[in-house]
Amino acid sequence: MGIVAGLDSSSAFTQIVVCDADTGAVLRQGYAAHPVDPKATEIDPQAWLLSLGEAAAGGLLEGVQAIGVSAQQHGMVPLDQQGSLVRPALLGNDKRAQVAAADLIDALGGRQAWAEAVGSVPRAAHPVAKLRWMARAEPAAAQRVAMVLQPHDWLVWQLLGRPARRTTDRGGASGTGYWSAGTGSYRPDLVELALGHQCALPEVLGPADAAGTTPEGLLISAGTGETMAAAFGLGVGVGDAVVSLGASGSVMAVHHEALADPSGMITSYADATGMHLPVVHTLNAVRALRGAVDMLGLDDLESLSELAMKSTPGSSGLVLLPYLEGERTPRLPHSAGTLTGLRRESMKPEHLARAAFEGMLCSLADAMDVLRGRGVEVRRVFLLGASAGLSAVQAIAPGIFGAQVVVPQPADYAALGAARQAAWALGVSQGTLSPAAPPRWQDAAVQLLEPGDELAVGQAVRQQYGATREQLHPGAFTQGY
């Protein structure tokens, strides 16, 4: 069918993969860092274009027929009536809108009202909260806002030559706080509630739709957010959950319907295929491991993993509740981490090391159970992040999660997902693919880990963890919402 490219503009860099449209085989790759501090909370979007141009240098895109765009989520690009930037784009890591998010929750009548309206409860990261912050902190700039885009919307618009039509996709729209994955429609009243006036919003395209064609004849697909693109690049489907191990953690799964959750623990995203991606976040994941590294005076996570493997399941009775930064799932914002089960025989470094791994994974299993409790099927668990390669994680995770664990080979799955979307849109435009079925690409190279005989042991560890959590935070998953 041809050659396609996927472009992933993350918070720190642009990665481009050029792929065979039929098989997904990677033919060429390009990379460039953004010319800004990666911890910046606002940015001139032109930096994304500079990075894109550098990543595509040397004829990387020669022969490419279609491009898909993935980009960091929860950024907000405010434009005026002429399409010019009102102020630098606000990024997802900007926490200035925390008070604004709380104001919006109260203004609509509480967390349940938001969950029912758009499938998520406002946080500082959401564009709807950023609009509220602008209206309060920069009222003159807020008055000039006539159109709001997200990073992938803006990049697609630029690639197409800034046409009058501006577009987004279901995945990106579902992270705004003013589009509902359940109804498939915007809530302009929530934009007005936040900004103080109405403004234009991009057209939401279907998964296989094209955003347009450049004057040179290059097709640009709808694009999507990084989370949705990565899921598409991995090839996850119904029955699959994806556990992401960063400093904080998340569990997402493919589901056939949007899930409105009055507790706010589930964020109801749409995916890049027409399905849904309910996500549950935890504030603490690998940061609990790094805390244990510091506490034990070790050099790195690999040393912690080696030490943990000298202990036994259950850590000789030690249980670590890893709520070091408070916790979002369960909702315990003012809690602290707790280490229990201290006895003379358990007070050894290897037991603490293992308790850190078991606590992190049990906390993520709790998050997964939030999804399972709403009818989400989980047969396989994809484990992402550098820490997924640690021997202790791989030994403990299958029993804790009670499912087959899949550890994909490291790759830029967001860029691959964007390329796969481009191949889909190209195939539909040529009449070789159906809008109802994406191209079947080769599966990612993975390592498979089965729970096997460790299943009963892992469930006993979870029972020990759950009993401790319930004793210290009774009703944490059922009260206080």
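Start by selecting Ser174, in the loop between helix H7 (170-173) and strand S10 (179-180). You are looking at a predicted model, so keep that in mind at every stop. Is Ser174 buried or exposed? Its relative accessibility is 1%, and since anything under 20% is classed as buried, Ser174 is buried. Now show its side chain and look for the backbone oxygen of Gly171: the side chain of Ser174 reaches that atom at 2.7 Å. To see what else surrounds Ser174, add Trp179, Ala181, Met228, Ser268, Tyr269 and Ala270 to the selection; Ser174 is in contact with each of these, leaving aside neighbours within four places in sequence.

**A covered helix**

Next, select residues 127-137, which form helix H4. How many of its 11 residues are buried? The count is eight, so H4 is mostly covered. Colour Pro127, Val128, Ala129, Lys130, Leu131, Arg132, Trp133 and Met134 to pick out the buried residues of H4. Lys130 and Arg132 are among the buried residues here.

**Inside the closed spaces**

If your viewer can draw internal surfaces, turn them on now. The structure holds seven cavities of 30 Å³ or more, and the largest of them contains about 80 Å³ of space. Select its lining: Pro313, Arg354, Glu358, Ala395, Ile396, Gly399, Ile400, Glu454, Val457, Gly458 and Val461. Which helices each supply at least two of these lining residues? They are H12 (349-372), H13 (391-401) and H15 (454-472). By class, this lining consists of six nonpolar, two polar and three charged residues.

Move on to the second largest cavity, with about 60 Å³ of space. Its lining is made of Ser315, Leu318, Val319, Leu320, Ala355, Glu358, Gly359, Cys362, Val461, Gln464 and Tyr465. Strand S20 (319-321), H12 and H15 each give two or more residues to this lining, and H12 gives the most, with four. Seven of the lining residues are nonpolar, three are polar and one is charged. Keep Glu358 and Val461 highlighted for a moment: both appear in the lining of the largest cavity and in that of the second largest.

**An open pocket**

Now look for the second largest pocket, which has a volume of about 700 Å³. To centre your view, select Gly233, Leu234, Gln442, Asp443 and Ala444, the closest to the pocket centre of the 30 residues that line it. Then show the elements that give two or more residues to the lining: strands S2 (13-20), S3 (26-33), S22 (378-384) and S24 (446-449), together with helices H9 (226-234) and H14 (413-430). This lining has 18 nonpolar, seven polar and five charged residues.

**Cysteines**

Select the cysteines next. How many disulfides does a search of the whole structure find? The answer is zero. Two cysteines to label are Cys19, which is buried at 0% relative accessibility, and Cys362, also buried with a relative accessible area of 0%. You have met Cys362 already, in the lining of the second largest cavity.

**Backbone stops**

Go to Thr329 and Pro330, where a cis peptide bond joins the pair and omega is about 0 degrees. Pro330 sits in the loop between S20 and strand S21 (338-340).

From there, jump to Arg162, in the loop between helix H6 (151-159) and strand S9 (167-169). Arg162 is not a glycine, yet its phi is positive, at about 60 degrees. With 37% relative accessibility, Arg162 counts as partly exposed.

Another positive phi, near 55 degrees, belongs to Ser315, again a residue other than glycine. Find Ser315 in the loop between helix H11 (301-308) and S20. At 0% relative accessibility, Ser315 is buried, and it is one of the residues lining the second largest cavity.

**Last stop**

Finish with Ser316, which is also in the loop between H11 and S20. Is Ser316 buried or partly exposed? Its relative accessibility of 29% makes it partly exposed. Select Glu345, Ser346 and His351 to see what Ser316 touches, not counting residues up to four places away in sequence. Then draw a C-alpha to C-alpha distance from Ser316 to Glu377: the two are 32 Å apart in space and 61 residues apart in sequence.

Notes:
Residues are numbered from 1 along each chain as its sequence is written. This is a predicted model: local features need pLDDT of at least 70, side-chain atom pairs count only at pLDDT 80 or more; totals for chains, interfaces and linings use all residues. Side-chain values use heavy atoms; hydrogens and water are left out. Buried means under 20% relative accessible area, exposed over 50%, partly exposed in between (1.4 Å probe, protein chains only). A polar contact is a pair of N or O atoms within 3.5 Å; within protein, one must be able to donate a hydrogen and the other to accept it, and residues adjacent in sequence count only if both atoms are side-chain atoms. Contact means heavy atoms within 4.5 Å. On a 1 Å grid over the protein atoms alone, a cavity is a set of points where a 1.4 Å probe fits but cannot get out, and a pocket is an open set with protein on both sides within 12 Å along at least five of seven lines; lining residues have an atom within 4 Å of a point. Grid points are joined across faces, edges and corners, and a volume is the space filled by probe spheres set on the points. Ala, Val, Leu, Ile, Met, Phe, Trp, Tyr, Cys and Pro count as nonpolar, Asp, Glu, Lys and Arg as charged, and the others, Gly among them, as polar. A disulfide is a pair of cysteine sulfur atoms within 2.5 Å.
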